[in-house]
Amino acid sequence: MSASVEIVSFGYLHDAPPAAHLTIDLRHHFRDPHVSPELRYMTADDAPVRTAVLNTPGIAALVEATATAVAAFAAGPSGGAVTVADGCAGGRHRAPTFARALAERLTAAGHSVTVSHRDMGKDVVQR
């Protein structure tokens, strides 16, 4: 069953997570591109960031698992849109890359998908 899906990427260091049916926390289990000086000031708009994130062990499996969870929500009797929020520390690297990969996977499965990146355009958090 196809559903309307909204995906919002965000950074936990900027504000509270947005309201969602599913919230995916990418902070602790997946290496942060921020630690690499050559990637720190880039975003998910840059190919080296996308490559680093998508080649991280476990990311592809998490995209698949999240797509399966979205399908389960969509199959429920009340239907309606499904919102997925995915966050990393600053919202510039892991979260928007994951959001785009999930959107591609869900679109291929016939879902209508919108993606927004709440914090990708914000300044790098100095830590």
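This tour moves through a predicted model, from the whole chain to one helix contact and then to an aromatic side chain.

**The whole chain.** Begin with the full protein chain selected. Its C-alpha atoms occupy a box of roughly 45 × 30 × 20 Å along the principal axes. The radius of gyration is 14 Å, which agrees with the value near 14 Å for a compact globule of 127 residues.

**Secondary structure.** Switch next to a cartoon view, in which 4 helices and 4 strands can be picked out. Followed from the N terminus, the elements appear in the order β-β-α-α-α-β-α-β.

**Helix 2 and helix 4.** Select residues 47–54, which form helix 2, together with residues 94–108, which form helix 4. How do two packed helices come to be described? The description uses the angle between their axes and the distance between the axes. Here the axes of helix 2 and helix 4 come within 9 Å and cross at roughly 75°. Because of that crossing angle, helix 2 is roughly perpendicular to helix 4.

Now show the side chains at this crossing. Helix 2 contributes Val49, Arg50, Val53 and Leu54, while helix 4 contributes Arg94, Thr97 and Ala101. By class, the residues of this contact comprise 4 nonpolar, 1 polar and 2 charged.

**Tyr12 and Arg27.** Move on to Tyr12 and Arg27, and turn the view to look onto the tyrosine ring. What sits over the ring of Tyr12? The charged end of Arg27 is placed there, 3.5 Å from the ring centre.

**Aromatic pairs.** To finish, display the aromatic rings across the model; the structure holds 1 aromatic pair.

Key: Residues are numbered from 1 along each chain as its sequence is written. This is a predicted model: local features need pLDDT of at least 70, side-chain atom pairs count only at pLDDT 80 or more; totals for chains, interfaces and linings use all residues. Side-chain values use heavy atoms; hydrogens and water are left out. Rings of Phe, Tyr and Trp (its six-membered ring) pair if their centres lie within 6.5 Å; planes under 30 degrees apart count as stacked, over 60 as edge-to-face and the rest as tilted. A charge sits over a ring if NZ of Lys or CZ of Arg is within 6 Å of the ring centre and within 35 degrees of the ring normal. Axes are lines fitted to C-alpha atoms, for helices over the stretch in contact, and angles run from 0 to 180 degrees between N-to-C directions. Helices (H or I, at least four residues) and strands (E, at least two) are DSSP runs, numbered from the N terminus. Angles under 35 degrees count as roughly parallel, over 145 as roughly antiparallel, 65 to 115 as roughly perpendicular and the rest as oblique. Contact means heavy atoms within 4.5 Å. Ala, Val, Leu, Ile, Met, Phe, Trp, Tyr, Cys and Pro count as nonpolar, Asp, Glu, Lys and Arg as charged, and the others, Gly among them, as polar. The radius of gyration is taken over C-alpha atoms; the globule rule is 2.2 Å times the number of residues to the power 0.38.
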